[in-house]
Protein chains: 2
Amino acid sequence: MPLEIPEVVIDRLPTYYRLLTNLQARGVAVVSSQELGEALNVTPAQIRKDLSYFGRFGKQGRGYSVQRLTDELRTILGLDQRWRMVLIGVGRLGTAIASYRGFEPQGFDIVGVYDVNPEAVGTELGGELVVRNVADLARDLADDPVDIGIVAVPAGEAQAVVDVLVAAGIGAILSYAPTAAQVPAGVEVRQIDPVLSLQGMTYHLRRRDA
Amino acid sequence: MPLEIPEVVIDRLPTYYRLLTNLQARGVAVVSSQELGEALNVTPAQIRKDLSYFGRFGKQGRGYSVQRLTDELRTILGLDQRWRMVLIGVGRLGTAIASYRGFEPQGFDIVGVYDVNPEAVGTELGGELVVRNVADLARDLADDPVDIGIVAVPAGEAQAVVDVLVAAGIGAILSYAPTAAQVPAGVEVRQIDPVLSLQGMTYHLRRRDA
DNA sequence: GGCGGCTTGCGAAAGTGTGCACAATCATAC
DNA sequence: GTATGATTGTGCACACTTTCGCAAGCCGCC
């Protein structure tokens with residue numbers, strides 16, 4: 001991979017991968033950029049261009065082997081290994097995240113959960129994980145590093161938690177907190193906030209009927 | 001608003017709005033694009049340009065009145081009214097969404113919940129809403145339209161639900177289902193899938209230490 | 001009441017990303 | 001073995017976004 005790959009391209013790859021695994025499960029053997037594009041609402045040219053950053057995976061006149069392309073994307077995205085995550089915050093939201101069944105099948109394991117609330121500390125979550133004190137987070141991470149931190153604490157505490165994770169050398173943070181986290185370059189952050197998504201849509205709704 | 005506003009701009013406005021309401025709560029009266037940019041990790045020029053699509057809200061030498069700018073953005077985004085939503089799917093995920101306390105304070109109300117599962121239909125959710133049969137969705141929406149649909153059903157059922165919502169004339173859909181929904185032009189769709197976010201980050205994690 | 005320091009709004013430049021269009025290539029059928 | 005129809009990979013042009021740079025304007029101080 002000699003040249004720099006645009007971030008937008010990276011962000012599209014997971015959706016390609018997701019569709020491909022579906023196709024594979026349905027027994028589809030070969031797929032064209034045309035078909036992929038129709039299913040994902042993007043132009044075939046974009047799909048071909050995106051994939052061409054990483055290699056030449058297709059065959060003219062045929063399309064892409066679903067098996068082959070799935071494997072390639074899995075390697076590119078780093079999904080051929082399991083990733084260890086810690087969850088900080090076990091309030092309503094954090095508890096829901098901890099019990100979400102969608103992470104594990106995709107190779108993401110929550111290996112530790114933390115909270116500040118003394119009443120929550122020590123309780124069991126999901127029958128396996130014991131909630132630890134967030135004060136121990138730095139030490140725990142030093143002893144036993146993880147790859148990704150999930151932040152599910154109130155806005156006011158989010159930056160402090162992020163700082164601890166960053167200091168521990170974490171490389172990626174998935175934040176459910178409604179604040180923009182400050183992190184040094186080299187640390188990946190994605191934010192999940194359904195309200196922001198809704199607010200982006202209401203702009204258009206307002207203009208629809210007017 | 002004579003000219004067309006880029007979609008990327010619209011998608012940034014909610015984060016501006018969120019920060020501004022925080023500032024307002026903290027009693028800050030005036031803020032510069034410089035300060036906003038530092039808090040949000042964007043360039044001051046971008047913030048000024050984004051806002052300039054909608055009007056001239058700042059004062060040279062001073063900055064922006066937090067009050068004024070908050071009000072302007074609220075109007076622009078359509079947040080000066082309440083929005084009615086229906087939730088389809090009350091499994092693990094749907095239940096968590098229904099009990100999420102973050103929607104109501106921002107003007108988003110879940111006014112109906114639906115499921116296919118006969119065992120779920122009729123039960124109470126969150127002490128207020130009774131789960132209705134998804135078979136009644138089309139009729140209910142015809143009688144009493146809502147603005148936004150939240151889809152929290154398994155991948156295989158998502159498109160069918162989306163079709164019903166679209167047929168009922170819904171303008172916006174927030175989908176938690178792991179599939180790309182097919183909708184006609186004019187219907188807004190946003191997808192929330194933490195796994196996609198994680199997969200976008202693992203690409204970078206892989207390259208970090210290598 | 002004028003001067004200095006800031007900060008906006010915006011035209012223009014620079015930088016990115018997307019889509020077109022077509023040569024190259026492959027599978028199949030006859 | 002050759003013709004046919006399909007589909008990839010990619011150079012190029014266009015379109016879109018971001019950033020720069022600066023004139024215009026505002027505030028406060030002396």
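User: Is A:Ser197 buried or exposed?
Analyst: Buried. This is a predicted model, and in it A:Ser197 has a relative accessible area of 16%. That counts as buried because the cut-off is under 20%.

User: OK, and which helix is A:Ser197 in?
Analyst: Helix H8 of chain A, which covers residues 194–209.

User: What is A:Ser197 in contact with, leaving aside its neighbours within four places in sequence?
Analyst: Three residues of chain B: B:Leu174, B:Arg190 and B:Ile192.

User: Got it. What about A:His204, where does that one lie?
Analyst: A:His204 lies in helix H8 of chain A.

User: And is A:His204 buried or exposed?
Analyst: A:His204 counts as buried, at 19% relative accessibility. The limit is under 20%, so 19% still qualifies.

User: Which residues does A:His204 contact, again skipping neighbours within four places in sequence?
Analyst: B:Glu7, B:Ile10, B:Glu188 and B:Arg190. With B:Glu7 there's a polar contact between the two side chains, at 3.0 Å. B:Arg190 also turned up in the list for A:Ser197.

User: Switching topic: how many residues surround DNA strand D?
Analyst: 25, and the closest are A:Ser33, A:Arg48, A:Gly58, A:Tyr64 and B:Arg12. Of the strand D atoms that come within 4 Å of the protein, sugar and phosphate account for 63%.

User: What's the mix of classes in the surface near strand D?
Analyst: Four nonpolar residues, 11 polar and 10 charged.

User: Which helices and strands each supply at least two residues of that surface?
Analyst: From chain A, helix H3 (44–52), strand S2 (58–59) and strand S3 (63–65). From chain B, helix H1 (7–25) and helix H3 (44–52).

User: Let's get specific. What part of strand D does the side chain of A:Arg48 come up against?
Analyst: A base nitrogen, which is 2.8 Å from an N or O atom in the A:Arg48 side chain.

User: And A:Gly58, which of its atoms is involved?
Analyst: A polar backbone atom, 2.9 Å from a phosphate oxygen of DNA strand D.

User: What about B:Gln60, what does its side chain lie by?
Analyst: A sugar or linking oxygen of strand D, with a polar side-chain atom of B:Gln60 at 3.2 Å.

User: Last thing: what domains does the assignment give for chain A?
Analyst: Domain 1 is 7–77 and domain 2 is 83–195.

User: How far apart are the C-alpha centres of those two domains?
Analyst: In chain A, the centres of domain 1 and domain 2 lie 32 Å apart.

How values were computed. Residues are numbered from 1 along each chain as its sequence is written. Chains are lettered from A and ligands numbered from 1 in the order in which they are written. This is a predicted model: local features need pLDDT of at least 70, side-chain atom pairs count only at pLDDT 80 or more; totals for chains, interfaces and linings use all residues. Side-chain values use heavy atoms; hydrogens and water are left out. Helices (H or I, at least four residues) and strands (E, at least two) are DSSP runs, numbered from the N terminus. Buried means under 20% relative accessible area, exposed over 50%, partly exposed in between (1.4 Å probe, protein chains only). Contact means heavy atoms within 4.5 Å. A residue is near a molecule or strand if one of its heavy atoms lies within 4 Å of it. A polar contact is a pair of N or O atoms within 3.5 Å; within protein, one must be able to donate a hydrogen and the other to accept it, and residues adjacent in sequence count only if both atoms are side-chain atoms. Ala, Val, Leu, Ile, Met, Phe, Trp, Tyr, Cys and Pro count as nonpolar, Asp, Glu, Lys and Arg as charged, and the others, Gly among them, as polar. Domain bounds come from an automatic or database domain assignment.
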